[in-house]
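Colleague: Please take one part of this model and go through it closely with me, starting at the surface and working inward. I would like to know which residues are involved and how they meet.

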Amino acid sequence: MPSAANRAVTAIYPGSFDPVTNGHLDLIARGAMIFDRLIVAVARNLEKDPLFEVKERVEMLEAVTFDWKNVEVEVFEGLLMDYARARNASVVMRGIRAVSDYEYELQMAMMNRKIEPSIETVFMLPGEAYSYLSSRLVKELARLGGPIKSLVPPLVEERLRAKVS
Ligand code: PNS
């Protein structure tokens with residue numbers, strides 16, 4: 001296997017990001033420290049019924065990741081491995097919050113490895129304050145008027161409140 005010592009490592013952090021939470025941002029901060037280039041890739045997932053349009057999700061991500069110069073935000077569709085190859089990425093970064101995430105993530109990582117063995121999935125652990133946090137729960141809280149202030153960046157809180165009001 002060729003050594004990675006002399007080349008910049010591009011990692012892709014794929015997901016729905018509907019919307020980005022402080023847990024995602026925690027992982028982006030960790031990934032930006034480790035990898036030379038981190039591409040946050042928003043999936044155009046036709047199966048799900050998203051609250052935010054892809055364009056809105058990208059806008060929010062771009063705003064909240066602006067300070068990291070090695071972080072980019074893109075949209076992808078189709079197979080993640082095709083997209084990763086097209087971007088010359090050697091790593092896919094995914095977060096694991098609890099054991100319950102592991103089974104799904106393992107399945108996906110192994111399938112991705114079967115499709116493209118040269119791309120590694122790297123699992124990262126978010127800070128423990130975010131171990132229970134998900135976009136799904138944040139949306140539910142927002143719809144029901146619950147507290148979301150400490151769970152998402154202020155811009156996302158604003159957009160969420162506007163969306164559900
Ligand atoms: O934030 P999510 O919804 O858990 O992200 C899931 C995502 C977008 C990473 C996953 O569904 C994906 O990679 N979709 C792209 C299609 C693909 O490559 N499927 C095969 C994966 S084994």
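Modeller: Happy to! Val-99 has a relative accessible area of 74%, so Val-99 counts as exposed (exposed is over 50%, buried under 20% and partly exposed in between, with a 1.4 Å probe and protein chains only). Please keep in mind that this is a predicted model, where local features need pLDDT of at least 70, side-chain atom pairs count only at pLDDT 80 or more, and totals for chains, interfaces and linings use all residues. Residues are numbered from 1 along each chain as its sequence is written, and side-chain values use heavy atoms, leaving out hydrogens and water.

Val-99 sits in helix H4; helices (H or I, at least four residues) and strands (E, at least two) are DSSP runs numbered from the N terminus. Together with Tyr-102, Leu-106, Met-110 and Phe-123, Val-99 makes a nonpolar surface patch of about 480 Å². Patch members have over 30% relative accessible area and no salt bridge, with nonpolar side chains (Val, Leu, Ile, Met, Phe, Trp, Tyr) joined within 5 Å and like charges within 9 Å. The areas come from the Shrake-Rupley method with a 1.4 Å probe, and for residues only the protein chains shown count as cover. H4 gives the patch its largest share, four residues.

H4 also takes part in a salt bridge, meaning a side-chain nitrogen of Lys or Arg within 4 Å of a carboxyl oxygen of Asp or Glu. The partners are Glu-105 and Arg-94, 2.7 Å apart from N to O. Glu-105 belongs to H4 (residues 99-115) and Arg-94 to strand E4 (residues 91-95), so this pair ties together parts 11 residues apart in sequence. Glu-105 is buried at 5% relative accessibility, and Arg-94 is buried at 17%.

From Arg-94 we can step straight to the ligand. A polar side-chain atom of Arg-94 lies 3.0 Å from a ligand oxygen atom, and the cut-off for a polar contact is a pair of N or O atoms within 3.5 Å; within protein, one must be able to donate a hydrogen and the other to accept it, and residues adjacent in sequence count only if both atoms are side-chain atoms. Ser-16 also brings a polar side-chain atom, 2.6 Å from an oxygen atom of the ligand, while Leu-80 uses a backbone N or O atom at 2.8 Å from a ligand oxygen. On its own the ligand has 550 Å² of accessible area, and the protein covers 77% of that. In total, 14 residues surround the ligand, with Gly-15, Ser-16, Lys-48, Leu-80 and Arg-94 the closest; a residue counts as near when one of its heavy atoms lies within 4 Å.

Other salt bridges make useful companions to the one on H4. The whole structure holds 16 of them. Glu-72 and Arg-37 form one, with their closest N and O atoms 2.8 Å apart. Glu-72 is in strand E3 (residues 71-76) and Arg-37 in strand E2 (residues 37-43), so their bridge ties together parts 35 residues apart in sequence. Glu-72 is partly exposed at 27% relative accessible area, and Arg-37 is partly exposed at 27%. Another bridge joins Arg-85 and Asp-82 at 2.6 Å, N to O; these two are three residues apart in helix H3 (residues 80-86), about one helical turn.
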